Amino acid sequence: MPKTVEVYDFPSHMGGSHTVSIIEKLDNNRVKCRIWYGHATWQGWQSWADFSGFEIECNQAELTNKRTMQLTKIGKENQ
């Protein structure tokens, strides 16, 4: 599993946003995205059951705040 992933914010339409990564580019500026919901641990990504892993399709223009997200903790384990 990679240690980082390129992610974006996507409106949840429930008053906040989801953190998503693009997993497939579709036609007409549409993309298929994976929702990341959880947190990085020393062993890797720990998903929280609510939305993590769900896939959605959206217009790529709706994705904002592009960034790299760590999937594992970095630095000293006992900090």
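This is a dialogue on how to read several features of a predicted model of one chain.

Student: Where do I start with the fold, and which secondary structure elements does the chain have?

Tutor: Start with the count of elements and their order. The predicted model has zero helices and seven strands. Read from the N terminus, the order is β-β-β-β-β-β-β. The C-alpha atoms fill a box of roughly 45 × 25 × 20 Å along the principal axes.

Student: What share of the residues is buried?

Tutor: Burial is judged from relative accessible area, with under 20% as the cut-off. Of the 79 residues in the chain, 33% are buried. The accessible surface comes to about 5,500 Å², and carbon and sulfur atoms account for 46% of that surface.

Student: How do I read contacts along the sequence, and what percentage join residues at least 24 apart?

Tutor: Set aside the contacts between sequence neighbours, then look at the separation of the rest. Among contacts between residues at least 6 apart, 55% join residues at least 24 apart.

Student: And the charges: how far apart are the mean positions of the positive and negative ones?

Tutor: Count each sign, then compare the two mean positions. The chain has 9 positive and 9 negative charges, and their mean positions are 9 Å apart.

Student: Let me try a single residue. Where is Q46 found, and which residues does Q46 touch beyond four places away in sequence?

Tutor: Place the residue in its element, then list its partners. Q46 is found in strand β5, residues 44-47. Leaving out residues up to four places away, Q46 touches Y37, G38, H39 and T41. Q46 and F10 are 36 residues apart in sequence, with 20 Å from C-alpha to C-alpha.

Student: Why is Q46 classed as partly exposed?

Tutor: The class follows from the relative accessible area, and partly exposed covers values between 20% and 50%. Q46 has a value of 38%, so Q46 is partly exposed.

Student: How many aromatic pairs are there, and which residues form them?

Tutor: Two ring centres must lie within 6.5 Å, and planes over 60 degrees apart count as edge-to-face. The count here is two aromatic pairs. W36 and W45 form an edge-to-face pair, at 5.5 Å centre to centre and 90° between the planes. Both W36 and W45 are buried. Y37 and W48 also form an edge-to-face pair, at 5.4 Å centre to centre and 85° between the planes.

Student: Where do Y37 and W48 lie in the chain, and are they buried or partly exposed?

Tutor: This pair links distant parts of the chain, eleven residues apart. Y37 is in the loop between β3 (30-36) and β4 (38-41), and W48 is in the loop between β5 and β6 (55-59). Y37 counts as partly exposed because its relative accessibility is 31%. W48, at 38%, also counts as partly exposed.

Student: Which residue lies over the face of W36?

Tutor: Here one looks for a charged group above a ring. R34 lies over the face of W36, at 3.7 Å from the ring centre.

Student: What about the backbone: which residues have a positive phi although they are not glycine?

Tutor: Check the sign of phi, then the location. H13 has a positive phi of about 65° and lies in the loop between β1 (4-11) and β2 (17-25). H13 counts as exposed because its relative accessibility is 65%. N65 has a positive phi of about 55° and lies in strand β7, residues 64-70. With a relative accessible area of 44%, N65 is partly exposed.

Definitions and conventions
Residues are numbered from 1 along each chain as its sequence is written. This is a predicted model: local features need pLDDT of at least 70, side-chain atom pairs count only at pLDDT 80 or more; totals for chains, interfaces and linings use all residues. Side-chain values use heavy atoms; hydrogens and water are left out. Helices (H or I, at least four residues) and strands (E, at least two) are DSSP runs, numbered from the N terminus. Buried means under 20% relative accessible area, exposed over 50%, partly exposed in between (1.4 Å probe, protein chains only). Contact means heavy atoms within 4.5 Å. Accessible areas come from the Shrake-Rupley method with a 1.4 Å probe; for residues, only the protein chains shown count as cover. Lys and Arg count as positive and Asp and Glu as negative; His and the chain ends are not counted. The place of a charge is taken as NZ of Lys, CZ of Arg, CG of Asp or CD of Glu. Rings of Phe, Tyr and Trp (its six-membered ring) pair if their centres lie within 6.5 Å; planes under 30 degrees apart count as stacked, over 60 as edge-to-face and the rest as tilted. A charge sits over a ring if NZ of Lys or CZ of Arg is within 6 Å of the ring centre and within 35 degrees of the ring normal.
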